[in-house]
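I opened this entry to keep track of what I looked up, starting from the cysteines and working towards the interior.

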Amino acid sequence: MKKILFLLPALSAFLAVAAHAEPTIDLPDQIGTCVFTHVKSVGTRLQEAGGKPVPDSGSAISFVNGGYQVSYAQIPDVDSSQVGDKVMICLASVPANCPVGDNRGKVYTTTNFRTGQSWTLPDSEHDCGGA
């Protein structure tokens, strides 16, 4: 518990500095690296023809830098995000043994600076080589 309490001031200071960092145009490409960007859109995983959201179909969020995360479940932390929110996206994992050209299945942890909430989700509904 003492270690956690010791780290809280350092984390708080990092988040204060990071909240003022300029957004980037790229996604992180190495596990453990992070970038800053803004929320482009927040919606549901599925949409009807014409773009109408399908309630309770899961959460989806996209970012100005081209990033995207999706879940089959509704994720309140994602759903409470708003267009324009500054976020930090960190690459958490990359699937192994993917077919050439199939880049799906990367997992990112995102922190929203306005809400202080974080979530970890993949960039697609299926891993590489999947449906």
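I began with Cys-90, which has a relative accessibility of 15% and therefore counts as buried, the cut-off being under 20%. I note here that the model is a predicted one, and I read every value below as computed from it.

**Disulfides.** I searched the whole structure and found two disulfides. In one of them, Cys-90 is bonded to Cys-34, with 2.0 Å between the sulfur atoms. Because Cys-34 sits in strand 1 and Cys-90 in strand 4, this pair ties together parts that are 56 residues apart in sequence. I looked up the partner's exposure as well, and Cys-34, at 35% relative accessibility, counts as partly exposed. The angle about the S-S bond is 105 degrees, and the link of Cys-34 and Cys-90 is right-handed.

I then turned to the disulfide between Cys-98 and Cys-128, where the S to S distance is 2.0 Å. Its link is left-handed, with -70 degrees about the S-S bond. This pair, too, links distant parts of the chain, since Cys-98 lies in the loop between strand 4 and strand 5 (107-112) and Cys-128 in the segment after strand 6, 30 residues apart. Cys-98 is partly exposed at 29% relative accessible area, whereas Cys-128 is buried at 13%. Counting bonded cysteines along the chain, I wrote the pattern down as 1-2, 3-4.

**Nonpolar core.** Which strand gives the most to the largest nonpolar core? I listed twelve residues in this core, among them Val-35, Val-39, Ile-61, Trp-119 and Leu-121. Strand 1 (34-44), strand 2 (59-63), strand 4 (86-93) and strand 6 (118-122) each supply at least two of the core residues, and strand 4 gives the most, with three. I checked the surroundings of Ile-61 and, leaving aside residues up to four places away in sequence, found that Ile-61 touches Val-39, Val-78 and Trp-119, and also residues including Ser-41, Tyr-68 and Gln-69.

**Asp-85.** Is Asp-85 buried or exposed? Its relative accessibility is 6%, so Asp-85 counts as buried. I placed Asp-85 in the loop between helix 2 (76-79) and strand 4. The C-alpha atoms of Asp-85 and Val-39 are 5.3 Å apart, although 46 residues separate the two along the chain. I also looked for polar partners, and the Asp-85 side chain makes a polar contact of 2.8 Å with the side chain of Asn-112, while another polar contact, of 2.8 Å, joins the side chains of Asp-85 and Arg-114.

Conventions. Residues numbered from 1 in each chain as written. Predicted model: local features only at pLDDT ≥ 70, side-chain atom pairs only at ≥ 80, totals over all residues. Heavy atoms only, no water. Core = buried A, V, L, I, M, F, W, Y, C linked by side-chain atoms within 4.5 Å. Buried < 20%, exposed > 50% of the residue type's maximum accessible area, 1.4 Å probe, protein only. Helix = DSSP H or I, 4+ residues; strand = E, 2+ residues; numbered from the N terminus. Contact = heavy atoms within 4.5 Å. Polar contact = N/O pair within 3.5 Å; in protein donor to acceptor, adjacent residues only side chain to side chain. Disulfide = S-S within 2.5 Å.
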